[in-house]
Amino acid sequence: CFSVTKWVHVVRGDAGLLQLFTNVHAALKPGGRFLFEPQPWKSYKKAKHKTHCDLSTLELKPSDFPTILVDKIGFARVDHLGTPTDPAIPPGFRRPLFCAVKKDIEHGLSADSPL
């Protein structure tokens, strides 16, 4: 979900973002991975001009996404994979990458299992 979560969030609000996360979780097989790239809150301010979204209605923040995916959606864990540093990537696109892992008790995948 690269460069997508912000647009779903801005256009559909907190409920739409939670629905996206719920749908992804439901679509994954046990042990499945969900890669995502939350955009910084400051980029939301630029997006509001294109969508006319009232950002004050959004309670969820991109920095909360990993916790939400575990505590509310049911993923086993969310790992920070890193942030690109390659100078060929424009600075505005050097965003942190995360991997949420769906629980798979049958095959022994828990919050402590390695990727």
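This passage describes the sheet, the largest pocket and one buried leucine in a predicted model.

The sheet is open and has three strands. Their order is S1-S3-S2, and the pairing is antiparallel. Strand S1 (33-36) and strand S2 (75-82) form the edges. Each has a single partner strand, so one side of each lacks a neighbour in the sheet. On average, neighbouring strands are turned by 20° against each other, direction ignored.

Strand S3 (residues 97-102) pairs with S1 over four bridges, in the antiparallel sense. Two residues of S3 can be named here as bridge partners. Phe-98 is the bridge partner of Phe-36, and Val-101 is the bridge partner of Arg-33. S3 also pairs with S2, again in the antiparallel sense, and six bridges join these two strands. Within S3, Cys-99 stands opposite Asp-79. In a regular strand, side chains alternate between the two faces of the sheet.

How much of S3 is buried? Five of its six residues are, so S3 is largely enclosed by the rest of the structure. A helix also lies across the strands. Helix H3 (65-73) lies across S1, S2 and S3. The helix runs at about 165° to S2.

The largest pocket holds about 270 Å³ of space. Its lining has 14 residues, and those closest to the pocket centre are Lys-6, Gln-39, Ser-43, Lys-46 and Arg-95. Two elements, helix H1 (5-27) and H2, each give two or more residues to this lining. H2 gives the most, with five residues. By residue type, the lining of the largest pocket divides into six charged, five nonpolar and three polar residues.

Leu-58 belongs to a loop. This loop runs between helix H2 (41-51) and helix H3 (65-73). Is Leu-58 buried or exposed? Its relative accessibility is 4%. Buried means under 20%, so Leu-58 counts as buried. Neighbours within four places in sequence are left aside in what follows. Leu-58 is then in contact with His-9, Gly-13, Asp-14, Trp-41, Tyr-44 and Cys-53. Phe-21 provides a further point of reference. Leu-58 and Phe-21 are 37 residues apart along the chain, and their C-alpha atoms are separated by 16 Å.

Notes:
Residues numbered from 1 in each chain as written. Predicted model: local features only at pLDDT ≥ 70, side-chain atom pairs only at ≥ 80, totals over all residues. Heavy atoms only, no water. Buried < 20%, exposed > 50% of the residue type's maximum accessible area, 1.4 Å probe, protein only. Contact = heavy atoms within 4.5 Å. 1 Å grid on protein atoms, 1.4 Å probe; cavity = no way out; pocket = protein on both sides within 12 Å on 5 of 7 lines; lining within 4 Å. Points joined across faces, edges and corners; volume = space filled by probe spheres on them. Nonpolar A, V, L, I, M, F, W, Y, C, P; charged D, E, K, R; others polar. Pairing = 2+ DSSP bridges. Axes fitted to C-alpha atoms, helices over the stretch in contact; angles between N-to-C directions.
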